[in-house]
Amino acid sequence: MSARFERYLLQDFPLIHLIIGGFGNTTFLVGSVFFLFPSLERVALWLFVAGSLGMFVGTVGEVFVRHARRSRGSPG
């Protein structure tokens, strides 16, 4: 893998993973509030699914970035 591409992965992806994780957290929170209203339970369920997926993708991406940094001896 080229050094330029690796630098792109390590420098740009943490922000992308943070955004995806933040979207997941927000979606999960909105889904939680929607469960308070019986008419919105179906929407709440799908928001839970989307939010969980967003949190999962954000976390897995961050783990990948941290592992890559540690294997190269970079702090972070």
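The following legends describe an overall view and several close-up views of a predicted model.

**Figure 1. Overall view of the two-helix protein.** The predicted model contains two helices and zero strands. Helix α1 covers residues 3–34, and helix α2 covers residues 41–71. Of the 76 residues of the protein, 21% count as buried. The accessible surface comes to about 5600 Å², and carbon and sulfur atoms account for 70% of that surface. Among the contacts with a separation of 6 or more, 55% are made by residues 24 or more positions apart.

**Figure 2. Close-up of T27, a buried residue.** T27 lies in helix α1. The relative accessible area of T27 is 8%, which is under the 20% limit, and T27 is therefore classed as buried. When neighbours within four places in sequence are left aside, T27 is in contact with L47, A50 and G51. These three partners, L47, A50 and G51, fall within the range of helix α2, residues 41–71.

**Figure 3. Close-up of the nonpolar surface patch that includes V33.** Four residues, L29, V33, L36 and F37, make this patch, whose area is about 420 Å². V33 belongs to helix α1, which spans residues 3–34. With a relative accessibility of 39%, V33 counts as partly exposed, because this value falls between the limits of 20% for buried and 50% for exposed residues.

**Figure 4. Close-up of L53, an exposed residue of helix α2.** L53 is found in helix α2, residues 41–71. A relative accessible area of 53% is over the 50% limit, so L53 is exposed. L53 and N25 are 28 residues apart along the chain. In space, the C-alpha atoms of L53 and N25 are separated by 9.8 Å.

**Figure 5. Close-up of V60 together with H17.** V60 is placed in helix α2. V60 has a relative accessible area of 43% and is partly exposed. In sequence, V60 and H17 are 43 residues apart, and the distance between them in space, C-alpha to C-alpha, is 8.5 Å. H17 falls within residues 3–34, the range of helix α1.

Key. Residues are numbered from 1 along each chain as its sequence is written. This is a predicted model: local features need pLDDT of at least 70, side-chain atom pairs count only at pLDDT 80 or more; totals for chains, interfaces and linings use all residues. Side-chain values use heavy atoms; hydrogens and water are left out. Patches are made of residues with over 30% relative accessible area and no salt bridge: like charges are joined within 9 Å, nonpolar side chains (Val, Leu, Ile, Met, Phe, Trp, Tyr) within 5 Å. Accessible areas come from the Shrake-Rupley method with a 1.4 Å probe; for residues, only the protein chains shown count as cover. A salt bridge is a side-chain nitrogen of Lys or Arg within 4 Å of a carboxyl oxygen of Asp or Glu. Helices (H or I, at least four residues) and strands (E, at least two) are DSSP runs, numbered from the N terminus. Buried means under 20% relative accessible area, exposed over 50%, partly exposed in between (1.4 Å probe, protein chains only). Contact means heavy atoms within 4.5 Å.
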